[in-house]
Amino acid sequence: MNFADYIPHEIEPKWQRYWQQNQTYKVENNTDKPKCYVLDMFPYPSGAGLHVGHPLGYIATDIYARYKKMKGYNVLHPMGFDSFGLPAEQYAIETGQHPAITTAQNIQTFKKQLAKIGFNHDLSREIQTSSPEYYRWTQWIFQQIFKAWFNYKTQKAEPIDTLIAIFEKEGNLNVHAACDEDTPIFTAQEWNAKTEDEKYALLLKYRLTYLADSVVNWCPALGTVLANDEVKDGLSERGGHPVERKKMKQWMMRITAYAERLLQNLEHLEWSEAIKEMQRNWIGKSTGCEINFQVVGQPQITLTAFTTRIDTIYGATYLALAPEHEVIPQLTTPAQQIEVEKYVQWAKNRSERERQAEVKTISGVFTGSYALNPFTQESIPIWVADYVLAGYGTGVVMGVPSSDDRDFRFAKYFNLPIRCVIEGTEDVENPTEKKYGKMINSGFLNGLETQEAIQKATAFVEQNQLGKAKVNYKMRDAVFSRQRYWGEPVPVYFKNGLPYLIDEQDLPLLLPEIDEYKPTAEGEPPLGRAKNWKYKNEYPYELTTMPGWAGSSWYFLRYMDPHNSQEFASRQATDYWNQVDLYVGGAEHAVGHLLYSRFWTNVLYDLGYISFQEPFKKMINQGMIQGESALIYRLKTENTYVSADLKDQYDTIELHVTVKALEGNNTINIAELKRWRPEDYANAHFIVSKDGKFYANTRIEKLSKRYYNAVNPDDVIEKYSADTLRLYEMFLGPLEQSKPWNTQGIDGTYKFLKRLWRMFYNEKGEWQITEQPPTLEELKILHKTIKKVEEDIERCSFNTPVSAFMICLNELQTLKCHKRAILEPFLQILAPYCPHITEELWHALGHTTSIHHAPFPIFEEKYLQESTFEYPVSINGKTRTKITFPLDLSQEQLAEQVQKHEAVQKWLEGKSPKKVIVVPQRIINIVI
């Protein structure tokens, strides 16, 4: 090797091979050391591979893991793949290629790219959620959840056998459990008289996972049900396909049983307040009152509304029902039937997110029926309105236009009465702006302040059996079915129409081979195409598969003990590794993966399989690395493109093009554009600017294949080095913030590494390191940097150490320091950031073991303690010079020595000063 120059393309592959061959990063479940579990949200292996935005969080966790290892911790820092997913299935539908083949190819691409960046992952612990060895345990956990119920008295999940024992002894009158709303009350005698099938069917109303008819987001183009967080503006998040609301039989997870616990446990997590607030809002706790309204002329129908402001009931002038409410047909009069049915059909197909977001869009329809306000006995109209959600509360809203913004807009739009019930709201344009105060026009509540009125009204409701006090949660039970092929088979078969678990010894239930990956002609999921796919050749299997979040809800546990064939992870391993100490990933998973993973972890804790409730102790949500996109303009009517500075003169449409065609001053290299997409641009006409150049506009936005602005990390590594990429991504700014990718700035980090190399080898490739003892100044520079880097990494401020490294190297270069005693520990503190170059130079220093097994240098405060002070010297009130004196001199000694200094002598001109004033470690003032 030529040592005259830093040649990363030789250094980096060499050490990557060394680490793999020597298992440098292999981790043992060694309980002799304190543990540190560092984890990234594992990636879905897409066909596009990684762009430079993906490794941002991975590099940060890699630095933290390496640092902690050097500090004496046993560090678990694994990587795997969330390998079930819709893109591979869509590709299978289009091409016929099995999703497993596509997924395996994509994983290989990812692994090659990750390896080039030099991560310290223990590759022996890799997991893939689509591997049968892995999803066997996903299915097993599903079975444990199915065999459990939630006891509100003990506030935990318990085995279903304990519930059966209660039923056999005393029925369910005193059971306080999470269960279906329509669960009947029965005695022990009635329970014991039931058939086995009847008992089993009744238990389904209590199980933590169960089958239910529910309104779901059905996407015909994808052939699957989507979770609320997978739908945006009525379209699927993936692919942008239309989504409709449809009632289907689905597997559900009773996550609502854990709503309060999930809410309370947030207080103990080291997460950003923004993410906590997103989860609080999703859980949506509200304390209020359920109140019953009798329908006029139909006494058999009672409409129950939930409200957090029962004090405002005297201002209720209408009821609004969710379009999905099952009682609407009975309430609809013949005169209103056509209008109501038309509205209900339209509204039901809008996603809940869309209905909640469009606060300014007002729509509704009158049913023709009325209900009695139980406090005033006044008849109020019953409407259907899409701002009311079936899954929150009861699906009935008590409309109080004077106290609620949406109710106010609805009443104004449909000319409904607005009755003010809070003092000071009578004569204002929008009474809802004042939410609290003394009650007026409110019968026995008049004169009371808000909180007192709520208490008194709630007591009145309960005393008169008009309803009850209630705590509500906006969160719904989680849909656990997907009508697709590429997912975990649900380990369930049907007998007499009831779902039963397959025997544990028969796990994993493997995905069967099928001829096509589309739903069947009868509308069944793709698994309906499997021939003779029955349990014990007799009982039909469940045909839906698990959702994408199933495998990711517990994957952090499998890393602890990935090769265990007897259990998902040994108790010894889970007790040792425990919670993830640092979890890094995108904020987009706040109400999906993070909530579901917390739910599964809590259930496993309750059932005694693990010793902790929460999966992720500390979490950082990394910001997005954004890219510069190139935008050009095409005439709407022909294949002609117009320079951006001329676009306003034409009728054009905006198009994204590859940033590789973008050159200085936002000019486009037309030849490069034609090479990129000859079918679009080879024969196109280009209208250029007056200077003969073709200009584009640019925009900073998400790095994406769709915007053609993605930068492949392989290209950066090829041009510079992996260590340059790692250092630069951290240098861009705080991990949590979004920042633009700018390749112009990467040169600085590359030059830093070349200068580091030059500290060890001169231009001729000659070794420069000496064994001379360091000076105090050199030790001060080094220990100042050790302190800064250690403090910053501990608080996960990964960008600021990069500046500290550069400052340190500059100062050592100025001192022409080539001393082992200084540069060796400098390599050690730099190693977490730049593992390749530091490993190379470490071995060049004579070491035979990896730098990544070396300890982190110990900061010593004594080297930062100053022994001198530079005094500003003022003569007759004007600062004339600065002189450095030892700190141990007395004021008298300072006064004596300052007069002898040549810089002061010229101002004294041989005279004796009248006075010398010394302010220790501040200033010396001479009066002449």
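Is Cys834 buried or exposed? I began my notebook with this residue, and I keep in mind throughout that the model is a predicted one. Cys834 has a relative accessibility of 0%, so I enter it as buried.

**Cysteines**

I next looked for a bonding partner for Cys834, and found that the closest cysteine sulfur, in Cys808, lies 13 Å away, which is too far for a bond. A disulfide would need the two sulfur atoms within 2.5 Å. I then searched the whole structure and came away with zero disulfides. I also checked Cys420, which counts as buried because its relative accessibility is 12%, under the 20% limit.

**Nonpolar cores**

I turned to the largest nonpolar core, which holds 175 residues, and noted that Trp600, Phe760, Phe798, Phe826 and Tyr833 touch the most other members. Helix 2, covering residues 55–70, gives the most to this core, with nine residues. In soluble globular proteins, nonpolar side chains tend to be buried together.

I took Phe798 for a closer look and, leaving aside residues up to four places away in sequence, I listed its contacts as Ala60, Ile63, Tyr64, Met730, Leu735, Ile793 and Tyr833. I also recorded a second, separate core of 39 residues, which includes Cys289, Phe293, Ala305 and Ala347.

**Helix 23**

Met730, one of the residues touched by Phe798, led me to helix 23, which spans residues 722–731 and is mostly covered, with nine of its 10 residues buried. The buried residues of this helix include Asp723, Arg726 and Glu729, and also Leu725, Leu727 and Tyr728. Just after helix 23, I noted that Gly733 takes a positive phi of about 155°.

**A loop residue**

Where does Glu588 sit? I placed Glu588 in the loop that runs between strand 22 (582–585) and helix 19 (593–606). Its relative accessible area is 62%, so I enter Glu588 as exposed. I also compared Glu588 with Asn621, and wrote down that they are 33 residues apart in sequence and 9.0 Å apart in space, taken from C-alpha to C-alpha.

**A surface patch**

Which residues form a nonpolar patch on the surface? I found Ile917, Val919 and Ile923, which together have about 190 Å² of accessible area. Val919 belongs to strand 32, which covers residues 915–919. With a relative accessible area of 33%, Val919 is entered as partly exposed, because that term covers values between the buried limit of 20% and the exposed limit of 50%.

How values were computed
Residues are numbered from 1 along each chain as its sequence is written. This is a predicted model: local features need pLDDT of at least 70, side-chain atom pairs count only at pLDDT 80 or more; totals for chains, interfaces and linings use all residues. Side-chain values use heavy atoms; hydrogens and water are left out. A nonpolar core is a set of buried Ala, Val, Leu, Ile, Met, Phe, Trp, Tyr and Cys residues joined through side-chain atoms within 4.5 Å. Buried means under 20% relative accessible area, exposed over 50%, partly exposed in between (1.4 Å probe, protein chains only). Helices (H or I, at least four residues) and strands (E, at least two) are DSSP runs, numbered from the N terminus. Contact means heavy atoms within 4.5 Å. Patches are made of residues with over 30% relative accessible area and no salt bridge: like charges are joined within 9 Å, nonpolar side chains (Val, Leu, Ile, Met, Phe, Trp, Tyr) within 5 Å. Accessible areas come from the Shrake-Rupley method with a 1.4 Å probe; for residues, only the protein chains shown count as cover. A salt bridge is a side-chain nitrogen of Lys or Arg within 4 Å of a carboxyl oxygen of Asp or Glu.
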